[in-house]
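Me: I should like to learn how to read the sheets in a structure. May we work through an example together?

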Amino acid sequence: MRRYFRLLFVCVISVFFSVLYVFSQLASSLETTNGWTEARADRPPLAQGDPSRLTRKAPGEEGLTDGDLNDRCNSLSVSHWNPYWRLPPDVCGKNCFMESACRYIVDKTLATAYEVYRVEPVRLAVVACGPRLEETLTMLKSAVLFSQRALHFHIFAEDELHAGFKFSLELWPVRFRSKFNYTIYPITFPHVNAKDWKRLFKPCASQRLFLPPVEEIWNFLSQFNSSHMAAMAPEHEEPRIGWYNRFARHPYYGKTGVNSGVMLMNMTRIRANHFKNDMTSVHLQWEDLLMPLLQKYKLNITWGDQDLLNIIFHHNPESLFVFPCQWNYRPDHCIYGSNCAAAEHYGVYILHGNRGVYHDDKQPAFRAIYEAIQKYPFGGDPVSLLLQPLEETLKNTMHTYCGRSSHLLTKKLQESVRNMEKDNHRAR
């Protein structure tokens, strides 16, 4: 009987090592047939917020990056002739054959995630009324010209503007019209105190121009932690010229408040959350919070809905993600000299032409950029028909502080124009 047990034990051991050998060969074949190393090396740099960045580590961080796994496993593959226990301790380790198979699965998963990231449209909401139809169309045009991703516009407009939006958008060339869908909504207010709401909210909020692709600001959503629900830029970078810290008669966010002109919103979280407030110990949902806030502070607020947002995030600071000032660049950042440090380094990403500066002579540099994008013909040469005429016009704005900072206004635009040139060349 003991002989049988010994024989059985030997057989089990043999089967175990045979299975181990098969797995090691399978792992090696997966690496070879699926070209893991080549696929990773050929993949272009990924945009900020890309889902596949989740597995990458910056230099100096602990742990293994994708490249580390390739180097340590492909340089000395585990096999029958090169078992893991013979490999140097800094090369692979005993789990290398499992890592090889897992990497194949992970790569497929990341490829799927990247495809979803690429296809999911960027959703852009705008509000337009009165004479702002052309201004809103120019803003949407800037998003379409520079974007590489699908877009969906949510347009809130007065009823008499609906036909104008449909007519104009459907006239855009097919190559650009195919990049976006749109939905048009009427502008509505709560029935209770409707007059107060109409006076409170700025009815026309379309004075923005996207200078890089709109998806670049959309990528901030991927940087939200579990408590973030919205994102805005500071109202001021320099407290000495700040409005909220000098004049506000109500609570506001942080040191200088935030500006709601460019705002990212995770609507799912906003609708589901209950917010702390200074009216009751009970946390209130968004729709239950706004009216009591208006009633409490309506005699103390100056900037309408922006003030209400400042009050809300003053009491819920953990819910707000703050992005840098170049994503909401306004005349305030240059009218008294340059005071947006991030724009000095990176250039302006979103130009916010508040106070009507796209249509008057107070800030001619802002107006020049607006008119350059408005007049640019779809599909035309972006250098000779957009960038060069703009740079010539900006030379005539040097008598203003913002004109002297015009190189900041075109820095990111130049990069977007180069990408437009490539797109136009591929389209021919």
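The dialogue below treats two sheets and the helices beside them.

Reply: This is a predicted model, in which local features need pLDDT of at least 70, side-chain atom pairs count only at pLDDT 80 or more, and totals for chains, interfaces and linings use all residues. Residues are numbered from 1 along each chain as its sequence is written, and side-chain values use heavy atoms, with hydrogens and water left out.

Me: In what order do the strands β1, β2 and β3 lie?

Reply: Strands of a sheet pair through backbone hydrogen bonds, either parallel or antiparallel. Strands are DSSP runs (E, at least two residues), as are helices (H or I, at least four), numbered from the N terminus; two strands pair if DSSP finds at least two bridges between them. Here the order is β1-β2-β3, an open sheet with parallel pairing. β1 (122-128) and β3 (180-186) each have a single partner strand, so one side of each lacks a neighbour in the sheet.

Me: How many bridges join β1 and β2?

Reply: Seven bridges link β1 to β2 (residues 151-157), and A125 has H154 in β2 as its bridge partner.

Me: Which strands does helix α5 touch?

Reply: Contact means heavy atoms within 4.5 Å. Helix α5 (residues 133-146) touches β1, β2 and β3. Its direction makes about 165 degrees with that of β1, where axes are lines fitted to C-alpha atoms, for helices over the stretch in contact, and angles run from 0 to 180 degrees between N-to-C directions.

Me: What is the pairing in the sheet β6-β5-β9?

Reply: The pairing there is mixed. Strand β5 (residues 230-234) runs parallel to β9, joined by three bridges.
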